[in-house]
Amino acid sequence: MNLSKRMQAVLGSCFVAAALGAGLAPQARAQTVTVVMQAGLRVLDPVMTTAFLTRDHGYMIYDTLLGTDAQFKVQPQMASWTVSEDKKTYTFTLRDGLKWHDGGPVTAEDCVASLKRWADVDATGQVLMRMTDSIDVIDAKQFRIVLKQPTTLLLEGLAKLSSRPAFMMPKRIADTPSAQPIKEFVGSGPFKFVADEFKAGLKVVYAKNTDYVPRAEPPSWTAGGKVVNVERVEWVAMPDQMTAVSALQSGEVDYLQQVPFDLLPMVQGQDNLQVKVLDTLGAWTYFRMNHLHPPFDNKLVRQAAIAAVSQEDVLKSLVGDPKYYKTCAAVMGCGNPLGDNYGEDWVVPARLERAQALLKEAKYDNTPVIVLQPSDLAMVAAQPVVVGAALRKAGFNVVMKAMDWQSVVSQQGNQKAPSEGGWSIFSTYSILATSGDPFGNTTLQSNGVKAWAGWPDVPEIEALRLKYAQANDAAERKQIATQIQKLAIDEGVVAPLGQFQIPAAYSTRLTGILEAPVTLFWNLKKAAQ
């Protein structure tokens with residue numbers, strides 16, 4: 001081992017010891033699960049961002065009115081419901097035993113306030129509000145939603161897994177305007193957020209909520225009983241991926257949410273470790289362009305960017321092993337019922353001549369393209385590098401802007417021009433389990449400045465999304481989804497980069513880890529050493 005690597009090992013060991021709290025009693029260690037998540041958590045408000053890390057934080061401390069099980073069926077969670085004969089009036093009744101972490105009872109008034117804050121910014125919630133006639137509190141445990149017309153979108157939206165689930169909060173917190181971050185993190189979920197141990201970007205601690213009353217049904221995705229079997233879950237950030245893998249091998253941490261593909265050989269085949277893809281449906285990766293400012297306020301320039309990039313190049317760089325990835329042009333997912341491959345002839349391979357011709361037709365004037373480049377999250381670090389290189393080859397003036405992932409998350413909402421500190425392109429990924437329809441798929445929201453980061457303004461897509469919500473026939477919905485796919489590609493709403501699966505690794509001392517499209521920490525147990 002050379003001096004540099006020896007120093008890295010020493011520094012890594014010191015960091016791990018400091019992060020984990022060296023000297024913990026064996027019993028305390030047995031009751032604490034230590035996890036390295038995809039990055040360090042900084043954004044705590046699950047309404048302010050669609051970031052998966054904040055979503056996972058939300059599932060720790062908040063609960064949802066409804067859940068989704070492994071058969072994609074909507075199930076009661078905090079509440080049950082009845083529906084009128086005309087399918088327009090839904091009455092929700094909170095179950096017994098629901099308490100906020102500060103001891104107060106969960107009320108219908110809290111839930112209505114939470115729904116309104118969520119719906120103000122969520123892609124599904126915004127459309128639901130347009131289809132809603134009224135939301136009224138009946139009493140402490142019941143509230144009513146009256147629709148203007150029947151739609152399955154109401155239950156689907158309240159049960160959505162990601163991104164930006166409809167988490168419930170106390171009214172005093174939910175009354176915070178949706179554009180402002182909340183300052184208290186009080187939920188009613190299975191874990192409590194330990195505020196005095198939070199270190200932004202470094203460490204988050206969750207304690208078992210001893211007042212939580214789980215449902216009686218077996219756990220299935222976000223439905224069923226959320227039974228907590230450990231006292232604490234600690235998320236710790238590691239300075240680099242090698243340090244995290246080394247800490248898992250030595251037993252200093254219990255669980256790696258994501259194992260970088262190039263480091264998989266280090267954890268595979270070890271007797272004390274389990275390597276498993278917990279989300280078997282997998283994810284799709286893509287890049288997003290800023291439609292508000294040059295050069296991507298021009299549709300032809302957006303098309304040129306899509307044509308310039310090879311999905312195979314991206315996936316080879318990101319994943320490497322073909323058994324974990326496949327190319328796909330479908331915005332709503334290859335293999336999903338609504339998946340459609342329109343555009344695959346120029347979305348999947350790089351079409352350099354097409355890209356250059358489009359730039360010429362658009363009279364591209366060498367405006368700089370600011371590409372956000374996260375440095376600390378393996379699952380999104382490779383994409384911007386490959387995208388940036390491809391765009392340069394096509395004739396774009398590319399400027400890479402390096403930062404950590406949580407800074408990218410914070411920067412995503414910046415609507416300033418790239419020349420004034422904004423951005424032009426960022427890359428990320430979404431889970432296929434929630435990307436298979438025009439509402440679960442956040443990228444398809446196309447109502448301008450109210451849309452998700454990138455802010456596409458395509459009224460035709462918004463009209464089709466509403467038509468989809470109003471339709472109950474599967475064949476009609478499929479036809480609408482096909483039209484949306486074509487518009488999404490032609491308008492450059494999103495640029496698909498292919499599909500992949502992400503392996504996790506964890507100690508064999510952990511059992512009961514749930515297979516799900518989101519990372520869940522109820523049900524698991526940790527055996528004593």
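In the predicted model, Gly498 is part of strand β18, which covers residues 495–500. Gly498 has a relative accessibility of 1% and therefore counts as buried, the cut-off for that class being under 20%. Apart from residues up to four places away in sequence, Gly498 touches Ala283, Trp284 and Thr285, as well as Gln311 and Leu315. Its remaining contacts of this kind are Lys326, Thr327 and Cys328. Tyr325 is 173 residues from Gly498 along the chain, yet the C-alpha atoms of the two are separated by 7.4 Å.

Thr280 is located in a loop, with β12 (273–276) on one side and β13 (283–289) on the other. When neighbours within four places in sequence are set aside, Thr280 is in contact with Gln501 and Glu515. For Thr280 and Lys192, a sequence separation of 88 residues goes with a C-alpha separation of 29 Å.

Helix α14 runs from residue 378 to residue 394. Its buried residues include Met379, Val380, Ala382, Gln383 and Pro384. Further along the helix, Val386, Val387, Gly388, Ala390, Leu391 and Ala394 are also buried. Gly395 follows α14 and has a positive phi, near 115°.

An unreviewed UniProt entry places the feature "domain: Solute-binding protein family" at residues 74–435. Within this span, 28% is helix and 22% is strand. The C-alpha atoms at the two ends of the span lie 16 Å apart.

For the chain as a whole, the secondary structure amounts to 17 helices and 21 strands. The radius of gyration is 23 Å, and the globule rule gives 24 Å for 529 residues; the two values are close, so the chain is as compact as a globular protein of that length. The C-alpha trace spans about 75 × 65 × 40 Å along its principal axes.

Of the 529 residues in the chain, 58% are buried. Contacts were also considered between residues at least 6 apart in sequence, and 73% of these join residues at least 24 apart. The exposed area of the chain is about 20500 Å², of which carbon and sulfur atoms supply 52%. The chain carries 52 positive and 52 negative charges, and the mean positions of the two sets are 2 Å apart.

Note on methods: Residues are numbered from 1 along each chain as its sequence is written. This is a predicted model: local features need pLDDT of at least 70, side-chain atom pairs count only at pLDDT 80 or more; totals for chains, interfaces and linings use all residues. Side-chain values use heavy atoms; hydrogens and water are left out. Helices (H or I, at least four residues) and strands (E, at least two) are DSSP runs, numbered from the N terminus. The radius of gyration is taken over C-alpha atoms; the globule rule is 2.2 Å times the number of residues to the power 0.38. Buried means under 20% relative accessible area, exposed over 50%, partly exposed in between (1.4 Å probe, protein chains only). Contact means heavy atoms within 4.5 Å. Accessible areas come from the Shrake-Rupley method with a 1.4 Å probe; for residues, only the protein chains shown count as cover. Lys and Arg count as positive and Asp and Glu as negative; His and the chain ends are not counted. The place of a charge is taken as NZ of Lys, CZ of Arg, CG of Asp or CD of Glu. UniProt positions are given in the numbering used here, feature names are shortened, and annotations may be inferred rather than shown by experiment.
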